[in-house]
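Subject: Structure for your files

Hello,

Here is the structure I said I would pass on. My notes on what turned up in it follow below.

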Amino acid sequence: MPTQGPLPSRLKDALGSLPARLLVAFLLPTLLFLALTGTAVYALARSILEDELGTSLSAIAAATASQVSGERMLTIEPGDDTSETRTWRNLVRLLTEVQAASGVRRLYVVDTQGRVRADVGGALPVGTEVPELARDRLELSRVFSGQRAASQVLFQGSDGRLYKTGYAPVRREGAVVGAVAVEGSAAFFGPLSRLSRGFAAASAVALGVLGLVAIFTARGLARPLRRLMDSALRIGRGDLTTPVPPEPTREIGVLARELEVMRGALESRDRQLKLMLAGVAHEVRNPIGGISLFSGLLAEDLRAGAHAEAAGHVARIQREVEYLQRIVEDFLAFAREQPLSRAPVAAPDLLQEASGLLLADAAARRVTVAVEAEPAVLEADGSLLTAALVNLVKNAVQASPPGGEVRVTGRGDGKGYTIRVEDRGSGVPEAERERIFEPFFTTREKGTGLGLPLSRKIARAHGGDLRLVPSPGVTAFELTLPLGTAPSLP
């Protein structure tokens, strides 16, 4: 027997889809509105027409009662209809004329005990109690007190149609001695029913049209959303190379653009991470190989008792460990997401502090570091900017020939502040200028290739930038910073 398990799940998925939800959102309120409106209009129209019919019938009854003599009516006795007395004939003729003129179904006259004195259209003999009067006791009590009235409810005749009765009092010398009853057909129910059916048909057509509009609208929304969903699923599965297609709809287009920006950022970060991992693996391999080599030589020398040579191997191992430690520290500094701790920083103090940290290295290479900075206050993270400047000044010192000079200058233009670090070393070859800011790219044997990328990252985190400004005989790096507040480090 085939299982029925997946059916509820598929049904649930179908009902939970955007087209189904939009269809329900379109049709359900409209259906409720049309149903409530149609019911209310039908009930109001029926009530108005019923009241109008009752008023019309009671008016006919009143007009008829004004022509009926109460005294003569009371002289009609049982059997007068059989013998056709003159008084009975005159009353029946009056009722017949009114029936023909008004088109009502039945007119009859009763006394205060509810006994028939004349009946046109009902054929009840004189003296018979009218059974229909029991239905309208409340209305008759008002009539016998001297008021006109109409039955509150419709009743169904033998022909299957609905009827209503209007009553008016018959008086003798001012006293009520009977009543005239007029039964009329509620013929308005035919047009009212047709109107109701027409409204239902129009509502069905409107719901159908609205359903088609909802379906097309849902499909128009679902297609771009489905494309966005496919793009998000691809990104979630690790496909960061396929671009997110643009969408023409404004709101969905914004989502598509933001998703594309996110994909590009993830792709860039993924590419950067792979590059960093490859760089770390490459840079770590050399010191680990050196440590392995010299530790083996150390073991051999110790077994042979050559302690003098062993000390040299230990020193080489320590240098390799220091280099390995520097690689790890530079990698962590570059990869770590650090929030900016902004505070007012005096630009001259910043340049003096960064340059002062390298005076010993500069003196060892017989290089002079000259600092010249215009006064300015930066809203920045002083420690991170100091690290960035130390990298730039250190590179300049290492690139300068003995006896050379490194110039560190700071200039403001009212909108920003530019820090320039220049040296007169061998410069950066043109073929390498596009790659010097790539992580782990270095031309030095013991360089990690993370100094310049880290400095640029810090500069951009402050809303500025770092760039190489090549000129004949001079290698210069310019770090630009805004004078206002800066965003957080990404």
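I began with A214, which sits in helix α7, the run of residues 189-236. Please keep in mind that this is a predicted model. A214 has a relative accessibility of 0%, so it counts as buried. Setting aside neighbours within four places in sequence, A214 contacts L22, L23 and F26. One of these pairings spans a long stretch of chain: A214 and L23 are 191 residues apart in sequence, yet their C-alpha atoms are separated by 5.4 Å.

For the chain as a whole, there are 490 residues, of which 37% are buried. The secondary structure consists of 13 helices and 13 strands. Among contacts with a separation of 6 or more, 64% are between residues 24 or more positions apart. The accessible surface is about 27,600 Å², and carbon and sulfur atoms account for 58% of that.

Next, the nonpolar cores. In soluble globular proteins, nonpolar side chains tend to be buried together. Here the largest nonpolar core has 40 residues, and the members that touch the most others are L389, L392, V406, V408, I419, F477 and L479. Several elements supply at least two residues each: the helices α10, α12 (382-399) and α13, and the strands β9 (377-380), β10 (405-412), β11 (416-423), β12 (465-471) and β13 (474-482). The greatest contribution is from α12, which gives nine residues. A second core, separate from this one, holds 27 residues, including A61, V92, L107 and V109.

L389 shows how some of these parts meet. Beyond its neighbours within four places in sequence, L389 is in contact with L350, L351, A354, I419 and L479. L350, L351 and A354 are also among the buried residues of helix α10 (residues 347-356), along with A347 and S355. These five lie on the same side of α10, because the arc they cover around the axis is only 120 degrees.

The last residue I looked at is S455, in helix α13 (residues 451-461). Is S455 buried or exposed? Its relative accessibility is 0%, so S455 counts as buried. Apart from neighbours within four places in sequence, S455 contacts A388, N391, L392 and L466. Of those partners, L392 appeared above as one of the core residues that touch the most other members.

Regards

Technical notes. Residues are numbered from 1 along each chain as its sequence is written. This is a predicted model: local features need pLDDT of at least 70, side-chain atom pairs count only at pLDDT 80 or more; totals for chains, interfaces and linings use all residues. Side-chain values use heavy atoms; hydrogens and water are left out. Helices (H or I, at least four residues) and strands (E, at least two) are DSSP runs, numbered from the N terminus. Buried means under 20% relative accessible area, exposed over 50%, partly exposed in between (1.4 Å probe, protein chains only). Contact means heavy atoms within 4.5 Å. The arc is that of the directions from the helix axis to the C-beta atoms. A nonpolar core is a set of buried Ala, Val, Leu, Ile, Met, Phe, Trp, Tyr and Cys residues joined through side-chain atoms within 4.5 Å. Accessible areas come from the Shrake-Rupley method with a 1.4 Å probe; for residues, only the protein chains shown count as cover.
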